[in-house]
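User: I would like to go through this model step by step, with the reasoning spelled out for each answer. Please start with how the helices pack.

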Amino acid sequence: MNVELTVNGRTHRLDVEPRTSLADALRDRLGLTGTTLGCEHGVCGSCTVLVDGTAIRSCLALAVQAEGADIRTVEGLADGDRLHPLQEAFAAEHALQCGFCTPGFLMLLAGALAEEPDLGRDERRLDAVLASNLCRCTGYAGIRRAAVRAAARLRGDGGSAAESGTAAERPSG
């Protein structure tokens, strides 16, 4: 079955089986391996991508379902050599260790912050968003701080972790 996918601003024509997941099409057919596959049941969130601006689990979506949509993967987050504020914040706040879950968190937060620019100011809401993805390494403190830093920068009011003083931003132990 032929499908036309627009990924990171580029249109691709692929011949796929009707049962091919979007994650498999991105990874195996387009070589976009930043979309990682963990559980392949939609639980871990490592395969999160944006489809028309909404974060979805690409392991649960079929490639044919994404035809005509604007798909954004972690490879399309940066603007050329200029990192996205989330990527910069993840590095600054040590929000990754092994890195396996990082692309999913970046895409989850990119979608969430686009919809809710003040997300970093609401600790409970931020925790609820982050709870949808799993990380076995970091304990989430750095990821929270990075989300807060990036949210502030994207809103245009700074981005340093020390600026707002919420518990999500204070270094743990």
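User: Which residues in α2 meet which residues in α3?

Analyst: This is a predicted model, and the contact is described here from both of its sides. On the α3 side, the residues met are T102, F105, L106, L109, A110 and L113. By class, the residues of this contact divide into seven nonpolar, two polar and no charged. The residues that α2 brings to the contact are L86, Q87 and F90.

User: Are α2 and α3 parallel, antiparallel, perpendicular or oblique to each other?

Analyst: The axes of the two helices, α2 and α3, come within 10 Å and cross at roughly 130°, and α2 passes α3 in a right-handed crossing. An angle between 115 and 145 degrees falls outside the ranges for roughly perpendicular and roughly antiparallel. The two helices α2 and α3 are therefore oblique.

User: At roughly what angle do the axes of α2 and α5 cross?

Analyst: Helix α5 covers residues 141-155, and its axis and that of α2 come within 8 Å. The crossing in which α2 passes α5 is right-handed, and the two helices count as oblique to each other. The angle at which their axes cross is roughly 140°.

User: How many charged residues does the contact of α2 with α5 have?

Analyst: From α2, the residues P85, L86, E88, A89, F90 and A92 take part, and they meet I143, A146, R149, A150, R153 and L154 in α5. Sorted by class, this contact has nine nonpolar residues and no polar ones, and the number of charged residues is three.

User: Is E93 buried or exposed?

Analyst: E93 lies in the loop between α2 (85-92) and α3 (102-115). Its relative accessibility is 6%, and the cut-off for this class is under 20%. E93 therefore counts as buried.

User: With which side chain does the side chain of E93 make a polar contact?

Analyst: The partner can be placed by its number, since α5 spans residues 141-155. The distance for this polar contact of the E93 side chain is 2.9 Å, and the partner is the side chain of R145.

User: Which residues does L60 touch, not counting those up to four places away in sequence?

Analyst: L60 lies in the loop between β4 (54-57) and β5 (70-72), and at 52% relative accessibility L60 counts as exposed. L60 and G42 are 18 residues apart in sequence, yet their C-alpha atoms are 6.1 Å apart in space. With residues up to four places away left out, L60 touches H41, G42 and Q65.

Methods:
Residues numbered from 1 in each chain as written. Predicted model: local features only at pLDDT ≥ 70, side-chain atom pairs only at ≥ 80, totals over all residues. Heavy atoms only, no water. Helix = DSSP H or I, 4+ residues; strand = E, 2+ residues; numbered from the N terminus. Buried < 20%, exposed > 50% of the residue type's maximum accessible area, 1.4 Å probe, protein only. Polar contact = N/O pair within 3.5 Å; in protein donor to acceptor, adjacent residues only side chain to side chain. Contact = heavy atoms within 4.5 Å. Axes fitted to C-alpha atoms, helices over the stretch in contact; angles between N-to-C directions. Parallel < 35°, antiparallel > 145°, perpendicular 65-115°, else oblique. Left-handed = near helix turned anticlockwise from the far one by under 90°. Nonpolar A, V, L, I, M, F, W, Y, C, P; charged D, E, K, R; others polar.
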